[in-house]
Amino acid sequence: MPAPGENLKVNGSRLWDTLMEMAKIGPGIAGGNNRQTVTDEDSEGRHLFQDWCTAAGCTMGVDTMGNMFARREGTDPDALPVYVGSHLDTQPTGGKYDGVLGVLSGLEVIRTMNDLDIKTRHPIVVTNWTNEEGTRFAPAMLASGVFAGIHTQDWAYEREDAKGKKFGDELARIGWKGDEPVGERKMHAFFELHIEQGPILEAENKQIGVVTHGQGLSWTEITITGKDAHTGSTPMPMRKNAGLAMARVLEKVEEIALSHAPHAVGAAGHIDVYPNSRNVIPGKVVFTVDFRSPDLSVIKDMETRLKTEAQAIVDAMGMTIDFKKVGGFDPVTFDETCVTAVRNAAERLGYSHMDLISGAGHDACWINRMYPTAMVMCPCVDGLSHNEAEEISQEWAAAGTDVLFHAVVETAEIVS
């Protein structure tokens with residue numbers, strides 16, 4: 001199929017201005033954003049995105065999960081569209097680029113095609129997936145998961161936030177519950193541009209990450225029950241300190257992950273200690289162990305070893321332990337043809353690049369189960385993300401979008 005010439009690039013300044021304009025909606029307290037899913041701020045951002053898409057000549061569709069689809073027509077009415085996009089929602093203390101770059105770079109692809117009067121056989125659709133972050137309503141990648149048949153819509157609608165508000169009710173309240181049945185759209189291919197959210201590209205001085213795989217994930221919630229007791233008057237040999245047991249288990253988590261270096265990782269990010277008083281020995285702890293690897297057999301091994309070794313630790317300390325699998329997904333291998341389109345685009349444009357495994361979950365991971373999918377990544381400063389200090393350069397954003405533009409337009413087949 002014909003490819004765009006290496007001299008064709010997006011308007012990096014316009015893309016940057018668009019990113020900065022969106023960042024004005026739901027500003028954080030430290031320079032980032034708080035535009036959580038299905039809030040008033042999310043609705044405002046959606047309206048701005050819709051206005052920009054309409055101005056670019058696109059038609060907008062919205063499904064019953066609030067996913068937005070801005071379509072630029074192709075020359076063949078029977079050709080399946082090439083989709084591109086990510087998400088506009090943010091963490092409570094999120095950055096200006098996580099997800100947002102992937103949506104607005106798709107818009108910039110459309111704008112550049114308009115500028116250059118490029119026509120493609122396949123339509124191109126820019127997508128904003130609802131609730132990728134999963135912070136307010138767990139789990140992450142909720143709406144793309146419903147689209148891909150991972151979750152049912154009824155189950156998704158019943159997800160509750162910390163205040164007991166339901167996702168479906170809040171989606172309707174902000175006016176973005178569409179009429180289009182979720183999951184009925186068919187795709188020729190899907191591409192997602194994202195900041196790396198890790199330090200590898202910057203450390204290797206590479207402009208582009210060609211994402212070949214996505215790590216699988218396993219979340220195991222562990223409850224250890226010991227005995228509350230006074231910290232001053234309980235002799236050391238008579239204590240059943242659940243906090244100490246957790247510490248020993250977490251040392252095993254580190255050891256298990258390191259045994260599968262360099263690609264496996266493990267930690268506990270969510271920890272609750274009870275009764276959480278200065279002068280009471282913890283009688284119960286609840287924590288979630290997060291294991292990740294691009295190899296499913298490694299994940300299974302880490303899960304098995306965690307249960308065996310944690311059980312042994314707690315048994316020796318005279319306490320009880322309970323394991324509950326609370327989340328996870330299998331590793332992802334992205335489509336070889338789409339990945340090649342990304343790699344060829346980077347080479348054609350002269351950008352330094354390397355193959356990369358995504359350490360985070362993305363909407364593309366669910367869509368890859370249904371349709372050919374690939375991801376492009378650009379560096380972020382110090383690998384920092386999910387933080388208001390998250391930062392990228394205008395040049396990085398433009399380079400990533402240039403590669404996205406070439407891969408998408410080539411896949412959509414230029415009509416001469």
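**Close-up 1. Helices α1 and α3 cross in a right-handed way.** In this predicted model, the pair to look at is α1 and α3, the latter made of residues 100-116. Their axes come within 10 Å and cross at roughly 140 degrees. The two helices are therefore oblique to each other. On the α1 side, the contact involves R14, L15, T18, L19 and M22. These meet a longish list in α3, including V100, L101, L104, E108, R111 and D115. Sort the residues of this contact by class and you get 7 nonpolar, 3 polar and 4 charged.

**Close-up 2. Helix α1 also packs with α12.** Here α1 (residues 12-22) meets α12 (residues 394-412), with the axes 9 Å apart and an angle of about 110 degrees between them. That angle makes α1 roughly perpendicular to α12. This crossing is right-handed. If you want to find the contact, look for G12, S13, L15 and W16 in α1, which touch Q394, A397, A398 and T401 in α12. By class, that comes to 4 nonpolar and 4 polar residues, with no charged ones. L15 is worth a second look, since L15 turns up in the contact with α12 and in the contact with α3.

**Close-up 3. Four strands line up as an open sheet.** Reading across, the order is β9-β11-β7-β12, and the pairing is antiparallel. The edges belong to β9 (265-274) and β12 (320-329), each with a single partner strand, so one side of each has no neighbour in the sheet. Direction aside, neighbouring strands here are turned by 15 degrees against each other on average. To zoom in on one pair, take β7 (residues 216-225) and β12: they run antiparallel and share 9 bridges. One of the spots to pick out is T225, whose bridge partner in β12 is T320.

**Close-up 4. Helices α8 and α9 pack on that sheet.** Start with α8, residues 242-258, which touches β7, β9 and β11. The direction of α8 makes about 5 degrees with that of β11 (284-293). Then there's α9, residues 296-316, which touches β7, β9, β11 and β12. The direction of α9 makes about 165 degrees with that of β12.

**Close-up 5. A UniProt annotation covers residues 215-311.** The unreviewed UniProt entry labels this stretch "domain: Peptidase M20 dimerisation". Over these residues the chain is 34% helix and 35% strand. The C-alpha atoms at the two ends of the stretch sit 27 Å apart.

**Close-up 6. A cis peptide bond joins A138 and P139.** Omega for this bond is about 5 degrees. To get your bearings, P139 is in the loop that runs between β4 (124-128) and α4 (142-147).

**Close-up 7. Y274 and P275 are joined by a cis peptide bond.** In this case omega is about 0 degrees. You'll find P275 in the loop between β9 and β10, with β10 covering 280-281.

**Close-up 8. D117 has a positive phi.** The value is near 55 degrees, and D117 is a residue other than glycine. D117 lies in the loop between α3 and β4.

Definitions and conventions:
Residues numbered from 1 in each chain as written. Predicted model: local features only at pLDDT ≥ 70, side-chain atom pairs only at ≥ 80, totals over all residues. Heavy atoms only, no water. Axes fitted to C-alpha atoms, helices over the stretch in contact; angles between N-to-C directions. Parallel < 35°, antiparallel > 145°, perpendicular 65-115°, else oblique. Left-handed = near helix turned anticlockwise from the far one by under 90°. Contact = heavy atoms within 4.5 Å. Nonpolar A, V, L, I, M, F, W, Y, C, P; charged D, E, K, R; others polar. UniProt positions renumbered as here; feature names shortened; annotations may be inferred. Pairing = 2+ DSSP bridges.
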